[in-house]
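Let's take a walk through a protein fold together. Have the picture open and follow along as we go.

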Amino acid sequence: MSKQQVLEQICKSGLVAVVRAENGDQAKRISEACLAGGMKAIEMTFTVPNAHHIMEELAKAYSPEELIIGAGTVLDPETARISILSGAQYVVSPCLNKETVRLCNRYQIPMMAGAMTIKEVVECMEAGCDIVKLFPGELFGPAMVKAIKGPLPQAQIMPTGGVNVSNVQEWIKAGCVAVGAGSSLTAGAKTGDYAAITATAKKFLEEIAKARSSK
């Protein structure tokens with residue numbers, strides 16, 4: 001799948017699951033529960049032990065049409081390269097590291113770097129990021145997206161942090177191309193209730209569809 005196709009699929013879905021887990025088995029079960037709920041984009045963070053091995057397993061188990069696997073919490077180009085070799089189709093970072101962006105562009109892998117201010121958003125765009133990750137989203141809310149897109153209507157923004165089923169419509173209506181959902185989506189894993197993750201994923205997608213249809 002080409003870089004443009006990956007970006008199109010992520011934006012079409014509108015939802016990325018940010019997976020943080022205590023171990024590999026839990027991470028895989030969270031991912032499978034999200035897929036069962038109709039999701040496609042999974043961001044396997046490098047806070048998960050042996051995250052690159054989990055990405056390899058998922059990339060082998062599912063086709064690119066079934067699963068768009070990404071690497072999250074990527075802080076440097078070395079980790080980005082490991083991710084790509086392990087099957088990552090996109091790379092996400094909590095902040096901008098220009099060498100990481102350069103490496104991803106070299107291999108035509110979509111890159112999403114985090115920003116907190118309009119200046120940082122511009123720096124991410126100038127560096128070649130495909131989507132700017134507004135992080136942490138809970139510190140700003142959807143109003144920040146509207147503020148950014150005033151002077152920067154061309155900015156492609158995806159918030160992570162503070163996004164839940166109750167407010168996801170506000171984020172989408174504010175102009176986000178997609179949202180990243182972590183604990184609000186995957187909380188069921190703590191009690192072994194993976195069915196709750198599947199149900200929440202479905203609800204997220206329903207709310208995103210409603211927001212888009214009412215624009």
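What follows is a tour of the sheet, then the helix pairs, then one loop residue.

## The sheet

Keep in mind that this is a predicted model. Start with the strands: 8 of them form an open sheet, in the order S7-S6-S5-S4-S3-S2-S1-S8, and the pairing is parallel. Which strands sit at the edges? They are S7 (157–159) and S8 (179–181), and each of these pairs on one side only. If you look from one strand to its neighbour, you'll find the two turned against each other by 30° on average, ignoring direction. As for what links strands in general, strands of a sheet pair through backbone hydrogen bonds, either parallel or antiparallel.

Now let's step across part of the sheet, beginning at S1. Strand S1 (residues 15–19) runs parallel to S2, and 4 bridges join the two. One pair to look for is valine 18 with its bridge partner in S2, glutamate 43.

Strand S2 (residues 41–45) in turn pairs with S3 in the parallel sense, over 5 bridges. Here glutamate 43 turns up again, standing opposite glycine 70 in S3. So what does glutamate 43 show us? This residue of S2 is the bridge partner of valine 18 and also stands opposite glycine 70 of S3.

Carry on from S3 and you reach S4, again paired in the parallel sense, this time over 2 bridges. Alanine 71 of S3 stands opposite valine 91 in S4. One more step takes you from strand S4 (residues 90–93) to strand S5 (residues 111–115): the two run parallel and are joined by 3 bridges. There, valine 92 stands opposite methionine 112 in S5.

## Covered on both faces

How many of the residues of S3 are buried? In strand S3 (residues 68–72) it is 5 of the 5, so the strand is largely enclosed by the rest of the structure. Ile68, Gly70 and Gly72 are on one side and Ile69 and Ala71 on the other, so to speak a strand with both faces covered.

S2 is mostly covered too, with 5 of its 5 residues buried. On one of its faces you'll find Ala41, Glu43 and Thr45, and on the other Ile42 and Met44, all of them buried. Notice that Glu43, the residue with partners on both sides, is in that buried list.

S4 also has both faces covered: Tyr90 and Val92 are buried on one side, Val91 and Ser93 on the other.

## Helices that touch

Next, the helices. Here are three pairs, with their angles and the distances between their axes.

| Helix pair | Angle | Axis distance |
|---|---|---|
| H4 (residues 77–85) and H5 (residues 98–106) | about 30° | 8 Å apart |
| H2 (residues 24–36) and H3 (residues 51–61) | about 40° | 10 Å apart |
| H1 (residues 3–13) and H10 (residues 194–213) | roughly 90° | within 9 Å |

Take H4 and H5 to begin with. Their angle is about 30°, and angles under 35 degrees count as roughly parallel, so H4 and H5 are roughly parallel to each other. The crossing is right-handed. H4 brings Pro77, Ala80, Arg81 and Ile84 to the contact, while H5 brings Glu99, Thr100, Leu103 and Cys104. By class, that gives 5 nonpolar, 1 polar and 2 charged residues.

With H2 and H3, the angle of about 40° makes H2 oblique to H3. Their crossing is right-handed as well. Gly24, Ala27, Lys28 and Ser31 of H2 meet Ile54, Glu57 and Leu58 of H3. This contact divides into 3 nonpolar, 2 polar and 2 charged residues.

How do H1 and H10 lie, parallel or perpendicular? They cross at roughly 90°, and therefore they are roughly perpendicular to each other. Cys11, Lys12 and Ser13 of H1 make the contact with Leu205, Ile208 and Arg212 of H10. Sorted by class, those residues are 3 nonpolar, 1 polar and 2 charged.

## One loop residue

Finally, find glutamine 154, in the loop between helix H7 (142–149) and S7. Its relative accessible area is 46%, so glutamine 154 is partly exposed. The C-alpha atoms of glutamine 154 and valine 19 are separated by 28 Å, and the two residues are 135 residues apart along the chain.

Key: Residues are numbered from 1 along each chain as its sequence is written. This is a predicted model: local features need pLDDT of at least 70, side-chain atom pairs count only at pLDDT 80 or more; totals for chains, interfaces and linings use all residues. Side-chain values use heavy atoms; hydrogens and water are left out. Two strands pair if DSSP finds at least two bridges between them. Axes are lines fitted to C-alpha atoms, for helices over the stretch in contact, and angles run from 0 to 180 degrees between N-to-C directions. Angles under 35 degrees count as roughly parallel, over 145 as roughly antiparallel, 65 to 115 as roughly perpendicular and the rest as oblique. A crossing is left-handed if the near helix is turned anticlockwise from the far one by less than a right angle, and right-handed if clockwise. Contact means heavy atoms within 4.5 Å. Ala, Val, Leu, Ile, Met, Phe, Trp, Tyr, Cys and Pro count as nonpolar, Asp, Glu, Lys and Arg as charged, and the others, Gly among them, as polar. Buried means under 20% relative accessible area, exposed over 50%, partly exposed in between (1.4 Å probe, protein chains only).
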